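Here are a few friendly notes to read alongside the structure. Have a look at the sheet and the helices around it, then compare with the points below.

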Amino acid sequence: MVVGHLIEVAFRGNRKEFFSWDGEQPPPLRAAIIVDADRGEDFGRVHATGELAAVRCNGCAHGCGTAPPPRKALRLATKEDEKLDRELTALNEQARRASMERVKSNGLVMKLTDAEWQWDRRKLTLFFTAEKRVDFRGLVRDLAAQFKTRIELKQIGVRDEAKRLSGVGRCGREYCSASWLPDLRPVNLGVAKDQKLSLNPQQISGACGRLMCCLRYEHEFYVQSRRKFPKEGKILVTSRGEEKVVSCDIFHERVTLRTVEGDTRVMGLAALKAEVEGEVASSESEGAVGVVVGIEATLDSATVAMLDTAEYALPVGVLVGAEAEPADSADSVEPGSENSAADGESAQRRKRRRGRRGGRRLRAAEGRGTDDALESPDEDADV
């Protein structure tokens, strides 16, 4: 029974496509293979098979998802097929140089990056880069008349140019885009800022002139790790008072702090969290005590003396109201006098007489500082 297998085939210039293979067993990796191409046949090598090919087909930009690939792999290549492919490598460079002469004669502002003959030489594909759109219809007619074949021009970006031509990066290894990177994702300057890298374009740019693709590798790790740390520049209340977060070391989980006086110290993230939480808990308890002390401080001495007696013991809710409405002269009598021995009804009437008038008289008397502050208004007039 013939079973179809999904395989990924790599072509010249790091170009990859997916094909279906009709056979009991998929072809081995790196095996030379002839596949069905646009109006002919093409030569490539097996890059992935089985589960790996299925995963890449669903995740790569050149994949076909869950749908079956539109083309098939025809057969394994022979030694003669491989010899012909090696000869086309030299012909590709000759075609690129000849095409560059045509570009100059047509006065087009474009750069021919690479030329690729199809294995059966029924099509010549030219890859170029340009800052703006280019009208190359006249160039196509000239090239078709010169090479006597079908001409296809593809405009690519500078990242795709580096992927096709390949090279060695500053790390001493082949470009990631040319060796293993499946897709070229955009890289912005915010990725370098999150990793605290130098913002000098010469230090973080690749051979293509754009930001290096490897900046995205650890970006997610930096984002997740920095969520555990306080933001730089934030003011924290510690055992030494207010301290400013200067820097965070996510690899050693340490934080550098600076006080108002300019003293700096480095402490672990766990110790910092425990110290900050302890200071917050202590400040909350001190704040609750301060509210009670503040209420008692606002009461005058006469009111406090009245609250000390058993008859005038008030609930907590009345204690707050005593601050806003001080007692008048009738309520500010010494304990043990005749007025203090009055019945409950008289005491209730005296409480009801407290008001704005009594409060004003008491405050005015305190302002004068005389012993006659609690006398009647008529007696004050006689004086």
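1. Please keep in mind that this is a predicted model. A good place to begin is helix α3, residues 137-147, which lies across β6, β7 and β8. The helix runs at about 140 degrees to β8.

2. Those strands belong to an open sheet of three, ordered β6-β7-β8, with mixed pairing. At its edges are β6 (111-117) and β8 (150-155), each of which pairs on one side only. From one strand to the next, the twist averages 20 degrees.

3. How do β6 and β7 run relative to each other, parallel or antiparallel? They are antiparallel, and six bridges join β6 to β7, the strand of residues 123-129. If you would like a spot to zoom in on, try Leu 112, which stands opposite Phe 128 in β7.

4. Helix α2 is worth a look too: it spans residues 79-106 and lies across β6 and β7. Its direction makes an angle of about 140 degrees with β6.

5. Which residues of helix α4 (residues 158-165) are buried? They are Arg 159, Glu 161, Ala 162, Lys 163 and Arg 164, so do check how these side chains are placed, given that buried here means under 20% relative accessible area. The packing partners of the buried α4 residues are β6, β7 and α5 (176-179).

6. One last backbone detail concerns Ser 166, just after α4. This serine takes a positive phi of about 60 degrees.

Key:
Residues numbered from 1 in each chain as written. Predicted model: local features only at pLDDT ≥ 70, side-chain atom pairs only at ≥ 80, totals over all residues. Heavy atoms only, no water. Pairing = 2+ DSSP bridges. Helix = DSSP H or I, 4+ residues; strand = E, 2+ residues; numbered from the N terminus. Axes fitted to C-alpha atoms, helices over the stretch in contact; angles between N-to-C directions. Contact = heavy atoms within 4.5 Å. Buried < 20%, exposed > 50% of the residue type's maximum accessible area, 1.4 Å probe, protein only.
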